[in-house]
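Subject: Structure handover and notes

Dear colleague,

Please find the structure below, with my notes after it. They are grouped by region.

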Amino acid sequence: MASHIVGYPRVGPKRELKFALESFWDGKNSAEDLKKVSAELRASIWKQQAGAGIKYIPSNTFSYYDHVLDATATLGAVPPRYGWTGGEIGFDTYFSMARGNASVPAMEMTKWFDTNYHFIVPELGPDVNFTYSSHKAVEEYKEAKALGVDTIPVLVGPVSYLLLSKPAKGVDKSFSLLSLLPKVLAVYKEVVADLKAAGASWIQFDEPTLVLDLESHKLQAFTDAYSELASTLSGLNVLIETYFADIPAEAYKTLTSLSSVSAYGFDLVRGTKTLDLIKSGFPSGKYLFAGVVDGRNIWANDLAASISTLQALEGIVGKDKLVVSTSSSLLHTAVDLVNETKLDDEIKSWLAFAAQKVIEVNALAAALSGNKDEAFFSSNAAALASRKSSPRVTNEAVQKAAAALKGSEHRRATNVSARLDAQQKKLNLPILPTTTIGSFPQTVELRRVRREYKAKKISEEEYVKAITEEIRKVVELQEELDIDVLVHGEPERNDMVEYFGEQLSGFAFTVNGWVQSYGSRCVKPPIIYGDVSRPKAMTVFWSSKAQSLTKRPMKGMLTGPVTILNWSFVRNDQPRSETCYQIALAIKDEVEDLEKAGINVIQIDEAALREGLPLRKSEHADYLDWSVHSFRITNVGVQDTTQIHTHMCYSNFNDIIHSIIDMDADVITIENSRSDEKLLSVFREGVKYGAGIGPGVYDIHSPRIPPTEEIADRINKMLAVLEKNILWVNPDCGLKTRKYSEVKPALTNVVAAAKLIRNEL
Ligand code: GLN
Ligand code: ZN
């Protein structure tokens with residue numbers, strides 16, 4: 001039986017690509033240096049997979065920034081503002097599209113399905129002149145071949161490419177992106193012919209949009225595209241790869257009817273219902289690439305379970321047509337466990353990063369061919385058994401407490417308007433109160449203090465002194481600016497999830513478990529391996545210290561359970577909802593301890609609630625139900641006079657507005673600066689909203705200082721649709737990444753604008 005890898009991380013085991021890119025951008029390294037590092041990374045990945053015995057090894061999964069941007073380059077679909085005049089697209093044009101340049105902003109970036117990877121959204125209009133303008137796919141194929149590795153070149157499928165695009169600015173509303181299909185296919189034909197001429201015998205088209213709820217005309221586009229490509233594809237083995245969810249029955253039918261396609265890849269980790277579809281019928285003579293090794297997580301595969309799945313599939317498609325594969329590209333998992341020097345051996349035995357998953361895939365394929373590596377299988381079984389029975393994983397008390405939650409909805413007894421009245425009596429805030437989202441600028445000096453404390457280079461006493469000093473400065477500044485509800489500035493936090501994970505039981509941290517987020521940016525998600533509990537208070541010390549420095553209300557600052565969950569690698573031995581409830585209970589204890597310590601306003605950030613929304617609509621209700629419930633659990637125990645804030649980092653929540661209301665927070669602050677219209681339209685359409693709301697009036701993603709009049713203007717626009725007694729005035733998000741020289745004048749204007757309007761009301 002054969003083996004296949006859908007795609008592989010590009011940044012390198014120690015983020016080599018990140019450092020090479022950033023040096024190049026800073027002018028410290030030449031283009032040649034960057035190319036050299038990249039070629040070395042590619043070569044080592046190919047050799048590793050070949051050495052492990054993988055039969056179908058992908059190429060063109062490397063990217064200098066993003067694989068969708070690579071497809072845009074291949075098609076020559078460069079937006080006119082970048083001034084590209086034709087020819088092979090070089091670093092200049094490519095990185096200008098990715099990151100902008102001195103005179104032109106970057107193209108838009110958005111999340112790749114429900115992962116934390118972001119791709120560059122193609123901007124297309126009716127006049128785009130598609131021309132074959134980047135030969136990267138064929139060059140990579142040849143490069144691997146020269147190293148003795150015959151690969152499967154991977155291309156973003158033509159239909160997914162168009163479905164993930166957006167119409168360019170100013171294009172007529174009636175324009176349909178799919179109308180560009182024939183022009184796009186003309187270039188794909190050239191690319192395929194090129195690959196064929198170079199000797200490729202397989203091609204992989206990634207068409208992940210097939211797992212979405214697509215209307216029938218969109219499904220029809222797949223039929224059209226692959227029959228149009230048929231003559232070019234003849235003589236090649238063509239794999240269409242799907243991933244991230246169950247494939248809907250209609251899409252399955254369309255896909256398996258494509259006659260120019262010889263192989264289908266499915267995610268059998270997240271797509272358990274896809275198994276049933278396959279069992280109910282699979283086209284004879286075609287290959288099934290069975291994605292049984294999870295590309296989205298860091299857990300060792302349950303090899304015995306995978307073997308039985310694969311054996312069942314073998315009975316349907318035949319031994320020679322079944323290929324063992326990963327559920328998705330390994331881009332979304334960490335790179336190599338070998339570099340984890342700080343994890344203990346027990347936890348390490350439970351894990352598999354990309355490099356280890358390659359070995360797993362091959363071991364499964366070998367076992368099914370009768371070459372079972374007994375030692376490997378038995379150590380896998382032993383690791384799984386140890387994970388199941390480890391006392392580090394199970395905490396009876398937590399299990400019981402979480403199970404007991406299900407009987408109740410956990411709603412605060414008093415309704416939100418009555419609570420707001422009670423809070424106002426205590427807090428005595430002006431109308432249009434001003435506040436910020438939590439963090440203040442993090443200086444080099446501050447980071448140094450934290451780093452040295454962690455490395456035990458400075459004493460606890462010195463550390464506390466330095467952080468206290470920072471809090472004092474931040475409090476003084478806010479008083480000077482005359483902000484109404486203060487924050488302590490979060491100087492003690494490196495990251496809003498890591499800070500809590502480090503203090504909770506059930507979390508582990510890696511040193512090199514980086515996952516690409518976008519371009520050279522990577523994140524290092526914590527690993528939730530066990531039942532979550534809170535050994536002791538996490539934020540009370542700093543919050544009470546901060547409150548002691550001012551008479552104004554000081555907001556306690558917490559990260560919510562859903563956000564902690566969504567930004568971690570989550571255990572796969574119980575439902576995500578269960579883990580979320582456990583985190584909610586830990587945060588609940590923290591909320592109540594803050595209240596006891598005299599903190600009257602507590603913000604529970606749910607920055608990532610929206611992004612955890614499942615891809616398929618049929619699964620939305622269930623997710624929103626347990627995630628919103630988890631949030632309510634955290635604060636159901638507080639008094640009416642304690643004001644609960646939450647914060648969200650996106651403005652497109654129109655589709656989940658009712659769930660947001662259902663969270664029953666007293667005040668919500670939300671990102672809004674990039675578009676007032678989107679957000680306000682919800683309220684214009686008559687959604688009843690009675691809680692406090694602070695749509696951001698200062699875009700913290702930009703160094704620009706918004707003028708007072710502009711802010712005042714926006715507040716006025718909001719007042720046209722929202723009651724004046726519920727409106728708050730605040731920035732979009734935390735100020736962590738900005739400089740004090742930007743934050744001071746910007747916040748000065750924010751407060752001035754609020755005062756200006758207060759006087760007019
Ligand atoms: N309280 C956090 C901060 O201000 C919120 C960050 C976020 O929403 N991403 O930094
Ligand atoms: Zn935010």
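Which residue in β16 is the bridge partner of Ser505? It is Ser533. Please keep in mind throughout that this is a predicted model.

That pair belongs to the contact between strand β13 (residues 505-508) and β16, where 3 bridges join two antiparallel strands. Strand β16 covers residues 527-533 and is mostly covered, with 6 of its 7 residues buried.

The open sheet

A separate set of 8 strands makes an open sheet with parallel pairing, in the order β1-β12-β11-β10-β9-β8-β6-β2. Its edges are β1 (2-3) and β2 (57-59), each of which pairs on one side only. Two of the pairings inside the sheet are worth going through.

Strand β8 (residues 202-206) and strand β9 (residues 237-241) run parallel and are joined by 5 bridges. Within this pairing, Ile203 has Val238 of β9 as its bridge partner.

Strand β10 (residues 263-267) is likewise parallel to β11, and 5 bridges connect them. Here Tyr264 stands opposite Leu288 in β11. Strand β11 (residues 287-293) is mostly covered, and 7 of its 7 residues are buried.

The nonpolar core

Leu288 also turns up in the core. The largest nonpolar core has 215 residues, and the members that touch the most others are Leu288, Ala290 and Leu364. Outside its neighbours within four places in sequence, Leu288 is in contact with Tyr264, Ile278, Phe282, Leu313, Val317, Lys321, Leu322 and Val323. Tyr264 therefore appears twice for Leu288: it stands opposite in the strand pairing and it is on the contact list. As background, nonpolar side chains tend to be buried together in soluble globular proteins.

Helix α3

Helix α3 (residues 67-75) is largely enclosed by the rest of the structure, because 9 of its 9 residues are buried. The buried residues include charged and polar names as well as nonpolar ones, among them His67, Asp70, Thr72 and Thr74. The elements covering them include helices α4 (91-99), α5 (136-146), α6 (158-163) and α7 (181-198), together with strands β4 (118-120) and β6 (151-156). Of these, β6 is also a member of the open sheet. Gly76 follows α3 and has a positive phi, near 65°.

UniProt annotations

The UniProt record, an unreviewed entry, places the feature "domain: Cobalamin-independent methionine synthase MetE N-terminal" at residues 3-315. In the model, the end C-alpha atoms of that span lie 18 Å apart, and the span is 42% helix and 13% strand.

The same kind of record, again unreviewed, gives a "binding site" feature at Lys18, Asn116, Arg521, Cys522 and Trp567. I looked at two of these positions.

Lys18 is in helix α1 (residues 16-25). It counts as partly exposed because it has 18 C-beta neighbours inside 10 Å, while 20 would be needed for buried. Away from its neighbours within four places in sequence, Lys18 is in contact with Val11, Ser520 and Cys522. Cys522 is itself one of the positions in the "binding site" feature.

Asn116 lies in the loop between β3 (109-111) and β4. With 18 other C-beta atoms within 10 Å, Asn116 is partly exposed. Its contacts, leaving aside neighbours within four places in sequence, are Val515, Ser517 and Val523.

Ligand 1

There are 13 residues around ligand 1, and those that come nearest are Ile437, Gly438, Ser439, Ala607 and Gly734. By type, the shell divides into 6 nonpolar, 4 polar and 3 charged residues.

Backbone points to check

Most residues other than glycine have a negative phi. Two residues here depart from that. Asn428 is not a glycine, yet its phi is positive, about 55°. It lies in the loop between α17 (416-427) and α18 (444-454), and it counts as exposed, with 9 C-beta neighbours inside 10 Å.

Glu490 is also not a glycine and has a positive phi of about 55°. Its place is the loop between α19 (460-481) and α20 (498-501). Is Glu490 buried or exposed? Glu490 is buried, with 23 other C-beta atoms within 10 Å.

Regards

Technical notes. Residues numbered from 1 in each chain as written. Chains lettered and ligands numbered in written order. Predicted model: local features only at pLDDT ≥ 70, side-chain atom pairs only at ≥ 80, totals over all residues. UniProt positions renumbered as here; feature names shortened; annotations may be inferred. Helix = DSSP H or I, 4+ residues; strand = E, 2+ residues; numbered from the N terminus. Buried ≥ 20, exposed ≤ 12 C-beta atoms within 10 Å, placed from the backbone. Pairing = 2+ DSSP bridges. Core = buried A, V, L, I, M, F, W, Y, C linked by C-beta atoms within 7 Å. Contact = placed C-beta atoms within 7 Å. Near = placed C-beta within 6 Å.
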